[in-house]
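Hi,

Here is the model we talked about, with the sequence alongside. Have a look at it first, and then read on for what turned up.

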Amino acid sequence: MPGGIDPHTHLEMEFMGTVTIDDFFSGHAAALAGGTTMHIDFVIPVNGNLTAGLESYKHKAEKSAMDYGFHMAITKWNDEVSKEMEVMVKEHGINSFKFFMAYKGSLMVTDDLLLQGLQKCKSLGALAMVHAENGDAVAEGQQRMIDLGITGPEGHALSRPPVLEGEATSRAIRLAKFINTPLYVVHVMSIDAMEEIAKAKREGQRVIGEPVVSGLVLDDSWLWDPDFATASKYVMSPPIREAGHNKALQAALSSGILQLVGTDHCTFNSTQKAFGSDDFRKIPNGVNGIEERMHIIWDSMVETGKITVTDYVRVTSTECAKIFNIYPQKGAIMEGSDADIIILNPKGSFVMGAHTHHSRSNTNVYEGRKGKGMVEVTISRGRVVWEDGTLNVAAGSGRYIRTPPFGYLFDGIEKSDAAYRASLRAPVQRSKAAA
Ligand code: DUC
Ligand code: ZN
Ligand code: ZN
């Protein structure tokens, strides 16, 4: 089948006072060992400056061992940023921009910025992505926990409940509807957010929902583990939810409400996680998954009969290539496509853990997890890079994949805009006549 494409990762990202421990080499080695042959990472601007952010990520990616693309985060708004977005799309092959509705005081955007951003994305044919949590309310919830003396990792989940994810998801969807542009919601972690997406889709809106592996198969019970090192591993945002949300998200993936699976691979080792041992607000947010995704989705979704093998290829690879407009170069086995191919043995079995994974982290949120389905061979652009449990990867062999604008999600947008303008003709004439 085609190699996996992970739409959501954070390699070597400066975040919460530290840097994620997997870089574009170790992250790629881990990915290839797990049957993923491409990913799209998030460029974080430097002091709001996109060009400087891209330069820094280009440098980080010099050691890449597989193909990669970039999304760009937007953290500030001014004329310069607006112009830089255009340059990113037209000259640098970036067709997606992410807006953080959380992380007040650092990455968070206001509704005003989000509206400007949605408008700009639309004019460029670029896809707007949101991290949907109400950042103001999260800050309030965190203070509530601290005031109650709840400082441990469980405070993380309690401070930002599903209602805040549902609210932000709904708000982003409605603003995207007002602008009439497609929207991609990253890491859908709760029933609350998923139902907003389901409703918008029913009404014909172009909204993409991306669940991540941790949200699909884990639950928040780990956050109550009395051992800080264990509990803190599971801190990510939005939080891993109470049991029940995971199964509902799986059902939504089966039915097509949610369309493709990412990881939000964002790894920190136990020393980095310990920055928050006296205050959950200082625990760097993030979990692993780039190496585990293909195996866990096979085991939990195909092996259990929840999705077909064809759907598996779609949610782990093809859909991502189509959304980001690189199909069929990626996401397909066809004449002319890149030879990114994997062989997965459904009879093979896996046991996951920090002692055997290829990530640099000394922890793994899937520690001890067993299942069926094993990627036995990974081929990256025609080269066998993983076989018989052995990696053969070369730093610098990865290629940057440009993602062109105006993907299929934009089909027909012009027509609906024209219909909207036509609907305004009568009131315009009335106003003119009155004048
Ligand atoms: N959530 C995480 O857990 N890590 C990186 C960024 C994010 O939004
Ligand atoms: Zn996020
Ligand atoms: Zn993320």
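The largest nonpolar core has 116 residues, and Met101, Ala128, Val130 and Val185 are the ones with the most contacts inside it. Bear in mind throughout that this is a predicted model. As background, nonpolar side chains tend to be buried together in soluble globular proteins.

Val185 is a good place to start looking. Setting aside residues up to four places away in sequence, Val185 touches Val130, another of the residues with the most core contacts. Its other partners include Ala132, Thr169, Ala172, Ala193, Ile197 and Val207, plus the run Ile208, Gly209 and Glu210.

Two of those partners, Thr169 and Ala172, are among the buried residues of helix 7. That helix covers residues 162-179, 18 residues in total, and spans 26 Å from first C-alpha to last, close to the 26 Å expected at 1.5 Å a residue. Its buried residues are Pro162, Leu164, Glu165, Gly166, Ala168, Thr169, Ala172, Ile173 and Ala176. What do they pack against? On the helical side, the partners are helix 4 (111-124), helix 5 (135-147) and helix 8 (191-202); the strands are strand 7 (127-131), strand 8 (183-185) and strand 9 (207-209). Just after helix 7 comes Asn180, with a positive phi near 65°.

Helix 13 (residues 293-302) is another one to look at, being mostly covered, with nine of its ten residues buried. The buried set is Arg293, Met294, His295, Ile296, Ile297, Trp298, Asp299, Ser300 and Met301.

Now the ligand. Around ligand 1 you will find His10, His131, Met236, Ser237, Asp264, Cys266, Asn285 and Gly286. By type, that shell splits into five polar residues, two nonpolar and one charged.

His131 comes up again with Lys98, since the contacts of Lys98 beyond four places in sequence are Phe42, His71, Ala73, Met129, His131 and Val186. Lys98 sits in strand 6 (residues 96-100), and an unreviewed UniProt entry places "modified residue: N6-carboxylysine" there. Is Lys98 buried or exposed? It counts as buried because it has 23 C-beta neighbours inside 10 Å, where the cut-off is 20 or more.

Two more buried spots are worth a click:

- Ala30, in helix 1 (residues 26-33), counts as buried because 26 C-beta neighbours lie inside 10 Å. Ala30 and Arg360 are 330 residues apart in sequence, yet their C-alpha atoms are 9.0 Å apart in space. Beyond four places in sequence, Ala30 is in contact with Asp22, Ile290, Glu291, His357, His358 and Ser359.
- Ser232, in helix 10 (residues 228-233), has 26 C-beta neighbours inside 10 Å and therefore counts as buried. Its C-alpha is 8.6 Å from that of Trp222, ten residues away in sequence. Leaving out neighbours within four places, Ser232 is in contact with Pro153, Lys273, Gly276 and Ile283.

Last, the annotation: the unreviewed UniProt entry lists residues 1-385 as "domain: Amidohydrolase-related". That span is 38% helix and 17% strand, and its end C-alpha atoms lie 15 Å apart.

Cheers

Methods
Residues are numbered from 1 along each chain as its sequence is written. Chains are lettered from A and ligands numbered from 1 in the order in which they are written. This is a predicted model: local features need pLDDT of at least 70, side-chain atom pairs count only at pLDDT 80 or more; totals for chains, interfaces and linings use all residues. A residue is buried if 20 or more other C-beta atoms lie within 10 Å of its own, exposed if 12 or fewer, and partly exposed in between; C-beta atoms are placed from the backbone. Helices (H or I, at least four residues) and strands (E, at least two) are DSSP runs, numbered from the N terminus. A nonpolar core is a set of buried Ala, Val, Leu, Ile, Met, Phe, Trp, Tyr and Cys residues joined through C-beta atoms within 7 Å. Two residues are in contact if their C-beta atoms, placed from the backbone, lie within 7 Å. The expected span of a helix is 1.5 Å times one less than its number of residues. UniProt positions are given in the numbering used here, feature names are shortened, and annotations may be inferred rather than shown by experiment. A residue is near a molecule or strand if its C-beta atom, placed from the backbone, lies within 6 Å of it. Ala, Val, Leu, Ile, Met, Phe, Trp, Tyr, Cys and Pro count as nonpolar, Asp, Glu, Lys and Arg as charged, and the others, Gly among them, as polar.
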